[in-house]
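Here is a friendly walk through one protein chain and its contacts. Have a look at the sequence and the model first.

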Amino acid sequence: MTRMMHLAYAGDKRIHESPLRAMQTGVEVRITYATGVRGEKVRSAHFEHIWPRPYPHLANFEGIEGTVFYNTRRGKTNETGEASHAGWLPSKNPLFDIDGAEGICLLYRFTNGEPFPVVTEDNGGKSPGYQYKWLPLLKNTEGSCALDS
């Protein structure tokens with residue numbers, strides 16, 4: 001698995017022609033592995049579905065901040081009300097640090113033409129910050145199948 005992560009994060013063309021798709025594959029594998037959710041739930045997630053959570057009893061009681069992921073979709077192995085939340089902790093190894101990898105994917109997206117969301121924009125007086133909150137964690141790339149509705 002470590003070798004595959006090296007190749008994915010390196011944008012290796014043996015994984016896919018698109019560096020973004022290769023990096024996102026690495027992120028999806030890590031989230032799926034760490035949380036036990038199926039990839040379909042990762043692909044449909046937006047930033048409103050994740051948030052930081054303090055874990056004060058970890059790291060020798062110095063505390064550490066992890067990430068909580070809210071599963072919004074059902075699947076073959078996830079009925080409504082089962083396994084609705086999952087999470088992961090940061091890692092010193094950059095290959096296994098999901099938040100850092102997601103940040104690299106976003107940096108790549110925003111430096112290659114995707115507009116940065118206006119975080120103060122509202123939706124007709126509702127949903128302040130909706131452009132950021134509704135931003136997908138992973139986006140469809142060339143050669144990938146669109147996620148079903």
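Glu-114 has a relative accessible area of 15% and so counts as buried, where buried means under 20% relative accessible area, exposed over 50%, and partly exposed in between (1.4 Å probe, protein chains only). This is a predicted model, in which local features need pLDDT of at least 70 and side-chain atom pairs count only at pLDDT 80 or more, while totals for chains, interfaces and linings use all residues. Residues are numbered from 1 along each chain as its sequence is written, and side-chain values use heavy atoms, with hydrogens and water left out.

**Salt bridges**

Arg-109, Glu-114 and Lys-139 are linked in a network of salt bridges; a salt bridge here is a side-chain nitrogen of Lys or Arg within 4 Å of a carboxyl oxygen of Asp or Glu. Side chains of opposite charge can pair when their charged atoms come close. The count for the model comes to three salt bridges, as the table shows.

| Salt bridge | Closest N and O atoms |
|---|---|
| Glu-28 and Arg-43 | 3.1 Å |
| Glu-114 and Arg-109 | 2.8 Å |
| Lys-139 and Glu-114 | 3.3 Å |

The pair of Lys-139 and Glu-114 links distant parts of the chain, 25 residues apart: Lys-139 is in the segment after H5, and Glu-114 is in the loop between H4 and H5. Helices (H or I, at least four residues) and strands (E, at least two) are DSSP runs, numbered from the N terminus. Arg-109 is buried, as is Glu-114, whereas Lys-139 is partly exposed at 31%.

Outside this network, Glu-28 in helix H2 meets Arg-43 in helix H3, so the pair ties together parts that are 15 residues apart in sequence. Glu-28 is buried, with a relative accessible area of 17%, while Arg-43 is partly exposed at 39%.

**The fold and its sheet**

Along the sequence, the elements follow the pattern α-α-α-β-β-β-α-α, made up of five helices and three strands. The three strands form an open, antiparallel sheet in the order S1-S2-S3. Because S1 and S3 stand at the edges with a single partner strand each, one side of each is left without a neighbour in the sheet. From one strand to the next, the twist averages 35°, an angle that runs from 0 to 180 degrees between N-to-C directions of lines fitted to C-alpha atoms.

Strands count as paired if DSSP finds at least two bridges between them. Strand S1 (residues 50-55) is joined to strand S2 (residues 64-70) by six bridges. Within this pairing, Ile-50 has Phe-69 of S2 as its bridge partner, and Arg-53 stands opposite Gly-66 in S2. On the other side of S2, what joins this strand to S3? Four bridges, again in the antiparallel sense, pair S2 with S3, and the bridge partner of Tyr-70 in S3 is His-85.**Core and surface**

Of the 149 residues of the chain, 36% count as buried. The largest nonpolar core has 19 residues, and those touching the most other members are Val-27, Ile-31, Phe-47, Ile-50, Phe-69, Trp-88 and Leu-137. Helix H2 (19-35), strand S3 (85-88) and helix H4 (98-110) each supply at least two residues of this core. Such a core is a set of buried Ala, Val, Leu, Ile, Met, Phe, Trp, Tyr and Cys residues joined through side-chain atoms within 4.5 Å. In soluble globular proteins, nonpolar side chains tend to be buried together.

There is also a nonpolar surface patch of about 310 Å², made by Phe-116, Val-119 and Tyr-132. Patches consist of residues with over 30% relative accessible area and no salt bridge, with nonpolar side chains (Val, Leu, Ile, Met, Phe, Trp, Tyr) joined within 5 Å and like charges within 9 Å. The areas come from the Shrake-Rupley method with a 1.4 Å probe. Val-119 sits in the loop between H4 and helix H5 (130-133) and is partly exposed, at 48% relative accessibility.

**Loops to look at**

Most residues other than glycine have a negative phi, and most peptide bonds are trans. Ala-59 has a positive phi, near 55°. This residue, Ala-59, lies in the loop between S1 and S2 and is partly exposed at 42%. Ser-127 also has a positive phi, near 50°; Ser-127 belongs to the loop between H4 and H5 and is partly exposed, with a relative accessibility of 26%.

Finally, Ser-44 lies in the loop between helix H3 (39-43) and S1 and counts as buried at 13% relative accessibility. Ser-44 and Asn-71 are 27 residues apart in sequence, and their C-alpha atoms are 9.1 Å apart in space.
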